[in-house]
Amino acid sequence: MKYAYFPGCSIDASAKEYAMAANAINKLLDVELIEIPDWNCCGSIDAVHAYNPLLSVTLSTRNLALAENMKMDVVTLCSACFFTLSRASNMLRENADIKSKVERAINDAGLKYAGEVKVRHYMDVLANDVGYEKIRQKVTVPLKGLKVAPYYGCLIVRPPGIQKFDDPEHPTSMDKVIQALGAEAVLYPDKTSCCGASLVITDEEVMMEMTKHPLLSAKNAKADCIVTPCPMCHFNLDAKQKDIEDRFDVEIGISVLYITQLIGLAFGLSPKELGLHRNIVSPDKILEKLQVESKHGQNVVGKH
Amino acid sequence: MKHNSFRQITPEMTDPSFIEEIKKMPGGDKILDCIQCGVCAGSCHARFAMDYSPMQVLKMAHLGLKDKVLSSSTIWICASCYTCASRCPRGLNIPAIMSGFKNMAMKNNVRAPIELKPKFHKAFTEIVSKYGRMHEPELKMKITNKANFNELKDNVTLAMRMFRKGKLKLQPSKLNSSTHFSDIVKNVLKEEAKK
């Protein structure tokens with residue numbers, strides 16, 4: 001299974017480990033992600049879009065045009081890029097005025113977009129192309145006894161109208177992956193709440209209040225860790241967790257893994273290969289629980 | 001002006017052309033379909049930080065209260081989580097409307113209640129236009145108030161935390177075909193100027 005891969009700016013910087021782990025598990029799942037050559041910023045959910053909507057849609061379209069040459073579905077790991085590219089693709093279909101302006105802007109620079117590209121999230125590929133059964137078959141270290149809180153966040157399931165593969169109110173695709181790995185997907189109230197996304201830059205107080213909810217709900221549900229399919233959610237839940245603890249004077253200490261990292265652990269891959277050393281909240285507690293050696297990542301002593 | 005003081009609206013406060021402007025924005029065509037049911041207000045994860053609920057902002061838009069809408073904190077606090085849009089029984093794309101209001105506010109130089117917000121949008125757009133990709137450290141540098149010691153200190157703390165984990169990219173990524181990319185950006189600006 002081959003896809004045109006759109007990494008996005010977060011994967012290129014703070015979220016590298018998400019892609020490291022994806023690459024590692026892809027080999028076992030027969031998934032091949034071929035990077036779109038010279039991709040640019042997806043166009044942003046709102047940062048560019050509110051300032052200059054035409055520029056945002058054009059940025060998205062340049063990526064779609066580059067991908068169209070590859071004749072494959074576009075796959076991205078990032079929920080925000082997934083949403084932004086999907087929105088542009090919808091707008092080009094529905095808004096003739098924007099379409100003609102965008103076309104003039106890219107045609108003039110020698111690019112063409114026929115509108116044939118399908119944009120998909122990597123979780124969609126796991127759920128529908130790979131399938132839960134195949135994931136189950138590749139498990140060598142079942143995550144027995146591990147309680148995992150799936151945090152879907154927003155843009156992987158919302159709004160309706162983007163390439164929909166899961167329910168916007170009660171998504172279950174990550175729950176099913178977690179169960180296929182032998183772990184328990186805990187039920188908790190905030191799995192589709194919002195982390196505040198870019199408010200981390202423009203209004204930290206508000207973002208911390210928003211991110212506090214899924215963190216505390218997951219902790220109250222006795223989860224060992226949270227998993228997310230989004231670099232922005234990961235940043236707010238993981239990199240900002242200490243600030244949230246300080247701000248609200250609470251102890252949280254819950255590690256936040258990318259869904260690809262959790263899958264990799266169950267496939268018996270080393271923590272190092274999965275980039276777990278890059279997570280800010282230490283994943284040592286869950287590695288201990290799974291009896292996986294964390295320091296150098298060579299000795300996986302779990303049950304094979 | 002709070003919700004219960006809508007009765008104090010005078011004709012001078014309203015702009016009858018506002019609704020027509022909104023209808024032209026992406027997602028704005030359905031603005032009058034809003035039935036004020038309150039599902040958006042009840043669903044909003046950021047309502048606690050807004051001066052008006054999304055439902056109230058939509059009502060204010062119906063009434064033509066352009067200045068009130070464009071100077072509200074609501075339009076800037078909206079995090080585009082799309083919970084309201086996925087629940088709205090009338091199919092309004094509320095975050096797209098909020099985004100359109102931000103655009104109008106920036107174009108009309110309306111003073112934002114949170115100063116950092118328009119600065120963020122401008123700086124983000126400039127960096128992406130320059131490199132083709134985002135470079136977070138530069139974004140932070142551009143919008144941080146360097147005279148505020150606490151703000152600087154918090155930035156350094158976070159930067160160190162990221163740096164230790166190899167998550168801080170010091171140099172920006174650049175595109176190979178940077179000329180071709182900047183041609184596209186220039187073309188967009190030309191299209192914008194045509195209006």
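**Exercise 1. Describe the overall build of chain A.**

Solution. Chain A has 14 helices and eight strands. Helices (H or I, at least four residues) and strands (E, at least two) are DSSP runs, numbered from the N terminus. The radius of gyration of chain A is 19 Å, close to the 19 Å from the globule rule for 304 residues, so chain A is as compact as a globular protein of that length. That radius is taken over C-alpha atoms, and the rule is 2.2 Å times the number of residues to the power 0.38.

This is a predicted model, in which local features need pLDDT of at least 70, side-chain atom pairs count only at pLDDT 80 or more, and totals for chains, interfaces and linings use all residues. Residues are numbered from 1 along each chain as its sequence is written, while chains are lettered from A and ligands numbered from 1 in the order in which they are written.

**Exercise 2. State how confident the predictor is in chain A.**

Solution. Use pLDDT, the predictor's confidence in each residue, from 0 to 100. Its mean over chain A is 94, and 96% of the residues reach 70 or more. Now check residues 296-304 of chain A: pLDDT stays under 50 there.

**Exercise 3. Decide whether helix H13 of chain A is enclosed or not.**

Solution. Count neighbours first. A residue is buried if 20 or more other C-beta atoms lie within 10 Å of its own, exposed if 12 or fewer, and partly exposed in between; C-beta atoms are placed from the backbone. In H13(A), residues 259-266, eight of the eight residues are buried, so the helix is largely enclosed by the rest of the structure. Among them are A:Ile259, A:Gln261 and A:Leu265. After H13(A) comes A:Gly268, with a positive phi near 80°.

**Exercise 4. Find what domain 1 of chain A brings to its contact with domain 2 of chain A.**

Solution. Take the bounds from the automatic or database domain assignment: domain 1 is 2-121 and domain 2 is 131-289. Two residues are in contact if their C-beta atoms, placed from the backbone, lie within 7 Å. By that test, 28 residues of domain 1 of chain A touch 28 residues of domain 2 of chain A. Helix H1 (16-29), helix H4 (79-94) and strand S4 (119-121) of chain A each give two or more residues to the domain 1 side. H1(A) has the largest share, 10 residues.

**Exercise 5. Name the helix of chain A that gives the most to the side touching chain B.**

Solution. The contact takes 51 residues from chain A and 49 residues from chain B. H3(A) gives the most to the chain A side, with six residues.
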